[in-house]
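Biologist: Please put the structure up, and I will ask you how each label was earned.

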Amino acid sequence: MRKLGVGVLGVGDMGRRHAENIRRLVPRACLVAVTDVAVARAKQVATELEIEHSFGSFEDMLAHKDIDCVVIAAPDKFHAQAIRTAAAAGKHILSEKPLALNLADAHSALDAVAQAGVRLQIGFMRRYDPAYAAAMKRIEGGEIGEPVIFKAIGRDKDAPPISAYQSQLNGMLLYNNTIHDFDLSRWLMRDEVTEAQTYATVAVRPEVAKYGDVVGSVVNLKYRRGAIGNIESFVQSTYGYDIRTEIVGSAGSILVGSIQQSSATFLTKNGGMQTLADHFLTRFTDAYVAEVQDFVDNVLNDRPPRVTGEDGLRALEIAVAAETSYREAKPCGVNQAAR
Ligand SMILES: NC(=O)c1ccc[n+]([C@@H]2O[C@H](COP(=O)([O-])OP(=O)(O)OC[C@H]3O[C@@H](n4cnc5c(N)ncnc54)[C@H](O)[C@@H]3O)[C@@H](O)[C@H]2O)c1
C-alpha cells in the first residue's frame, strides 16, 4: 500500500496536533519531516514523534525526496506565500485557515495551485465534526425545509496575550476566528452571502484597537436567495470554548454544539456541576483527525478535496466585507470591498 509522505510547516499548537495525528492516526500517511522557524521546537517535535527529519527552512523540507504533500500551520500571515512555494514545488497542500489575509494574496495562491495542478484543501475542520456533518446530512435531506436564518456563536475561553496582537502574525478576529463561521454560514445554508453588516468592540480591552483588532463582533448576513444570518465572536468568554450554531428552516431547526465537554453531570449537596469544553484541540479532536484522513485519501485516490481553495476564498471574501463594514460603519456587499 502506497503511503503519502507528509511534511508539516509550523509546529505550534495546531501544527503539532496535525503532525501527531498524521504520525499516529492516519495509516496511509507517513510523517516525513516538520519545519519551524523555531528550529529547536521543530527538533523537539521530531524527537517526540520519533521521526528523523526537522528543518528550519520550508524550502529545505520541500526538497526532501519523500515529501508528497504539506500541511501549512504557520501563522496566518504566511499562508498565501507558503501555498505558492509548495505549489511551485509540485506538492499537494492542506493549509490552515485563513487562505490569506487579503484577496490579492488569495487569488495569487489559487493561481499558483491551478498552474501547478496540485490539490489544495483549507482547514475548515468543523465540516468534519460529527455533529456538524450530521446536521448537514439532515439539511441536504430536506428535513428542515428551506434554511431561512443562520445563527452562530464562537467564543474562545481566554483572550490572547497582548504580545499576540503586537506580533501581527495572525489576522484580526474576523479573519482568524469568525472565518470558521463564515465558512459554515455558506456551507450549511447551501447559499452564498451577498452582504455583511458588522458591529465590533474593543470594550474591556481598548489597547487592542491600536493593533487594528477587536475583542468581540456581531456580523449580520444577507444571502442570495433571501435568507439572513448573524454571527457573534468573542475572544474571552472566561468560562469555556463555546461554539454553537443554529440553522432555522421553513420546516424545522437544527442546533449544533453544546458548552459541555462531556455528558457527565456531577451532583453534590452544593449543587450540580458540568465540565465545560475549554479548547479547540479538545472540542474538535475528531474533526482534526477526519480532515487530514480525508485529505490523504483524496490525494492518494486522485480525487478533489472536500474543502477547496475556492471555499477558502469565499469565506475570506465575507471576512473582507465584514471588516469593511466595521471600518466604514455601513453594510458592505461581498466583493464590493476594495482590499
Ligand atoms: N483550524 C483550527 O481550528 C485552528 C486552530 C488554531 C489555529 N489555527 C491556525 O493554525 C495556524 C497556527 O496557529 P497556532 O495556534 O498553532 O499558532 P502557534 O503560535 O501556536 O504556532 C505557530 C508556529 O509557527 C511557527 N512559525 C512562525 N512563523 C513561521 C514561518 N514563517 N515559517 C514556519 N513556521 C513559523 C512558530 O514558531 C510556531 O511554532 C494559524 O494560521 C491559525 O489560524 C487553526
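**Labels and their cut-offs**

Biologist: Why does F280 count as partly exposed?

Modeller: Its relative accessibility is 25%. Buried means under 20% relative accessible area and exposed means over 50%, with partly exposed in between (1.4 Å probe, protein chains only), so F280 counts as partly exposed. This is a predicted model, where local features need pLDDT of at least 70 and side-chain atom pairs pLDDT 80 or more, while totals for chains, interfaces and linings use all residues. Residues are numbered from 1 along each chain as its sequence is written, and side-chain values use heavy atoms, leaving out hydrogens and water.

Biologist: How many aromatic pairs does a search of the whole structure find?

Modeller: Two. In one of them, Y241 and F280 are 6.4 Å apart centre to centre, with 65° between the planes.

Biologist: What makes that pair of Y241 and F280 edge-to-face?

Modeller: Rings of Phe, Tyr and Trp (its six-membered ring) pair if their centres lie within 6.5 Å; planes under 30 degrees apart are stacked, over 60 edge-to-face and the rest tilted. With 6.4 Å and 65°, Y241 and F280 therefore meet both conditions.

Biologist: Why can we say that this pair ties together parts that are apart in sequence?

Modeller: Y241 lies in the loop between β10 (228-234) and β11 (242-249), and F280 in helix α10 (residues 280-283), so the parts joined are 39 residues apart in sequence. Helices here are DSSP runs of H or I with at least four residues, and strands are runs of E with at least two, numbered from the N terminus.

Biologist: Is Y241 buried or exposed?

Modeller: Buried, because its relative accessibility is 6%. Y241 also forms an edge-to-face pair with F284, at 6.3 Å centre to centre and 85° between the planes. F284 sits in the loop between α10 and α11 (285-300), 43 residues from Y241. F284 has 0% relative accessibility, so it counts as buried. Together, Y241, F280 and F284 form one aromatic cluster.

Biologist: How do you know that the charged end of R283 sits over the ring of F284?

Modeller: The label needs NZ of Lys or CZ of Arg within 6 Å of the ring centre and within 35 degrees of the ring normal. The charged end of R283 is 4.3 Å from the centre of the F284 ring, so the distance falls inside the 6 Å limit.

Biologist: What makes both faces of strand β4 (residues 69-72) covered?

Modeller: C69 and V71 on one side and V70 and I72 on the other are all buried. In a regular strand the side chains alternate between the two faces of the sheet.
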